[in-house]
Amino acid sequence: MSGRDGSVDGVFGDGSGEVSGGDEEFEVRLSTTFGRAAEGLGVAAAARLVDGGLEAGRRRRRRRRTVMLVGALTLAVAVGASALTLPSGLPGRASGALEAASSGAPAPLERGVTILLIGLEATTDAQNRPAPAELRRGELHAGAADVDVADTLVLVHIPAGGGTARQLSIPRDVLVDAPGGGAKVAIRQVYAQAEAAETTRSQGQGVSGAELRWRGREAGRAALIRSVQELAGVPVDHFAEVTMTGFYRAAQAVGTVPVCLNHAVDDELSGASLPAGRSELGPAQALAFVRQRHGVGDGSDLQRTRRAQAFLAGVLQKLRAGGVMADAGKLRALYDALKEDLVVDKGWNPVDFVRQVPAFAQGRAATSELPVQSEGAVLTAEPGKAKEILAGEGTSAAPAVNEVPCVD
Amino acid sequence: MGTARQRAASEEEFVAFATARSGQLYRSAYFLTGGDAHLAEDLVQDTLGQMYTQWHRLQRPSWAGRIDNPAGYARTVLVRAYLSHHRRRSSAERPSQVLPEVPAPEQDAALRLALVGALAQLPPRDRAVVVLRYWEDRSVEETAAIVKDSSAAVRTRCSRALARLRSLLGADLAELVAR
């Protein structure tokens with residue numbers, strides 16, 4: 001208690017804008033105190049904060065893309081499941097890259113199947129058309145590159161008998177042997193390098209247009225699969241490649257998605273304005289929901305990942321509820337969206353696909369990132385670690401997501 | 001969005017911004033956390049990380065959600081990150097009087113200790129309001145927008161917090177400031 005009890009009491013109940021002289025004096029003094037008490041920040045400390053901020057931002061961006069990738073695969077499963085009613089089998093285009101990369105593959109893991117997911121940031125789609133304008137302008141495509149960059153790489157191991165799927169993200173800057181020999185390169189560059197080499201070669205043979213694009217990408221896929229197999233010491237049984245454009249188109253085709261919030265949000269920064277409880281998100285709100293950062297839990301990556309998982313759970317429920325599957329028009333739109341931007345290996349038959357993918361698409365997957373050693377900016381993988389993680393030695397499962405969970 | 005060169009230029013701009021603002025953000029975070037230097041650093045890094053992912057929005061047309069005032073935007077992000085951090089961690093709260101090391105043994109160190117010690121006794125939202133009003137010099141309306149509350153609520157909160165601060169360090173403050 002201060003010595004001036006009377007004026008302390010006078011402060012309570014204020015709000016009329018009427019301030020006594022003593023209070024005003026205290027406010028001025030408080031401002032002065034803040035100014036004098038503020039601690040300076042050394043150059044080294046400031047640099048640490050800037051570096052930490054950059055690192056946090058890059059990590060955040062990567063995380064978001066991984067989530068989109070798994071989302072696109074989820075859509076693909078649903079379409080694959082109903083593909084039995086359609087003449088063409090699996091959605092997407094069939095690639096022979098896996099066969100091309102299979103010579104000299106490491107010995108397989110005990111039981112189960114290993115799938116490589118490739119999230120490709122591409123300037124054009126498989127038909128050689130540029131990405132939609134909304135995408136190029138918007139956040140999804142914030143880091144658009146001039147060449148095809150394998151932006152997200154995830155290995156998924158699904159054990160035989162339906163145990164916990166294990167998901168391993170490969171940092172895109174980890175060093176591997178260059179496809180054509182020579183100095184080591186970051187793994188994200190492997191695809192583009194092999195693609196460029198093949199494009200030059202095919203052009204010499206008079207190939208052009210979409211066919212040229214396809215041949216280049218097939219070479220990119222094969223080289224990338226080889227690099228991943230070598231890095232992880234695990235053979236890749238199947239792979240799926242999706243472009244960010246593909247995810248975007250697929251999300252458009254699904255229509256609204258149900259989510260559930262613990263608290264109402266009104267965040268002018270991201271444009272998210274939703275009531276507490278269950279609501280249906282249109283495409284624009286869906287993006288805001290997944291993007292919102294401020295006031296979401298403790299602001300950590302984990303919280304944002306929960307938002308994204310909740311969104312995926314909503315997508316799944318939407319698909320199961322029959323809204324999309326029963327609607328031939330929507331189904332066809334979804335199928336077409338994926339046909340252009342999803343590529344799967346041609347050995348993956350629809351029945352296996354439908355059996356294998358849901359386990360991890362539903363969130364029943366333990367996720368981790370490949371441990372790396374860094375010397376300055378150079379990242380190298382720890383040998384043997386990937387195999388250990390995928391085989392499930394010493395890791396625990398993440399909780400399953402079965403319906404629309406309510407999130408902060 | 002464009003070429004590798006454009007991206008590098010944009011990243012350079014971001015680094016320049018982060019370098020220029022990190023000191024101010026850190027000082028605000030230090031007060032917000034009631035003198036927890038580690039948490040303050042985490043909050044600033046997180047805020048800069050969010051700014052990094054939003055940086056391209058500086059180039060957008062205004063109807064598409066352009067960020068006009070990155071410094072103000074960063075301040076809002078920081079305060080909200082702090083408040084939501086606190087909401088989640090409230091069970092683990094320790095109203096501590098144990099303050100982290102203060103590097104410079106200057107004259108104002110005593111003043112700083114007294115101030116953050118008193119701030120640490122305030123509930124988180126009250127503290128945020130006081131820091132925004134008396135350190136950041138934000139108006140009642142601006143403060144209300146940042147903490148997502150009504151102006152009236154901010155006024156009430158503010159006077160309650162002032163009374164508490166005054167009872168905590170009223171006499172001390174006069175003495176320390178006068179010195």
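A salt bridge here is a side-chain nitrogen of Lys or Arg within 4 Å of a carboxyl oxygen of Asp or Glu. In this predicted model, the side chains of Arg221(A) and Glu218(A) make just such a contact, at 2.8 Å from N to O. Both residues sit in helix α7 of chain A, which runs over residues 209-232, and they are three residues apart, or about one turn of the helix. An α-helix has 3.6 residues a turn, so residues three or four places apart point the same way. Neither partner is left out in the open: Arg221(A) is buried, and Glu218(A) is buried too. Arg221(A) also has an aromatic neighbour, as it lies over the face of Trp214(A), at 4.6 Å from the ring centre.

Over all chains, the structure holds 16 salt bridges. Another one in chain A joins the side chains of Lys184(A) and Asp177(A), with 3.5 Å from N to O. Asp177(A) has a relative accessible area of 38%, so it counts as partly exposed. In chain B, Asp149(B) and Arg157(B) meet through their side chains at 4.0 Å, N to O. The two ends of this bridge fall on either side of the 20% cut-off for burial: Asp149(B) is partly exposed at 28% relative accessibility, while Arg157(B) is buried at 19%. The pair doesn't stand alone, either, since salt bridges link Arg125(B), Asp126(B), Asp149(B), Arg157(B) and Arg160(B) in a network.

Now for the rings. A search of the whole structure turns up eight aromatic pairs over all chains. One of them is made by Phe34(A) and Trp135(B), whose centres are 6.4 Å apart with 35 degrees between the planes, a tilted arrangement. This pair crosses between chains: Phe34(A) comes from helix α2 of chain A (residues 21-37), and Trp135(B) from helix α5 of chain B (residues 124-135). Both of these residues, Phe34(A) and Trp135(B), are buried. They also belong to a wider group, as ring pairs link Phe34(A), Tyr26(B), Tyr30(B), Phe31(B) and Trp135(B) into a cluster.

A second pair, Phe14(B) with Trp55(B), has ring centres 5.4 Å apart and planes at 80 degrees, so it is edge-to-face. This one ties together distant parts of chain B: Phe14(B) is in helix α1 (residues 4-32), Trp55(B) is in the loop between α2 (37-54) and α3 (70-89), and 41 residues separate them. Phe14(B) and Trp55(B) are both buried. Chain B has a charge over a ring as well, with Arg133(B) over the face of Tyr134(B) at 5.7 Å from the ring centre.

As for the overall build of chain B, its secondary structure comes to seven helices and zero strands. Of its 179 residues, 54% count as buried. Among contacts in chain B between residues at least 6 apart in sequence, 64% join residues at least 24 apart.

Helix α2(B) is worth a separate look. Its 18 residues reach 26 Å from the first C-alpha to the last, close to the 26 Å expected at 1.5 Å a residue. The helix is mostly covered, with 16 of the 18 residues buried. At the N-terminal end of α2(B), Asp36(B) acts as a cap: one of its side-chain oxygens lies 3.2 Å from the backbone nitrogen of His38(B).

Key
Residues are numbered from 1 along each chain as its sequence is written. Chains are lettered from A and ligands numbered from 1 in the order in which they are written. This is a predicted model: local features need pLDDT of at least 70, side-chain atom pairs count only at pLDDT 80 or more; totals for chains, interfaces and linings use all residues. Side-chain values use heavy atoms; hydrogens and water are left out. Rings of Phe, Tyr and Trp (its six-membered ring) pair if their centres lie within 6.5 Å; planes under 30 degrees apart count as stacked, over 60 as edge-to-face and the rest as tilted. Helices (H or I, at least four residues) and strands (E, at least two) are DSSP runs, numbered from the N terminus. Buried means under 20% relative accessible area, exposed over 50%, partly exposed in between (1.4 Å probe, protein chains only). A charge sits over a ring if NZ of Lys or CZ of Arg is within 6 Å of the ring centre and within 35 degrees of the ring normal. The expected span of a helix is 1.5 Å times one less than its number of residues. A polar contact is a pair of N or O atoms within 3.5 Å; within protein, one must be able to donate a hydrogen and the other to accept it, and residues adjacent in sequence count only if both atoms are side-chain atoms. Contact means heavy atoms within 4.5 Å.
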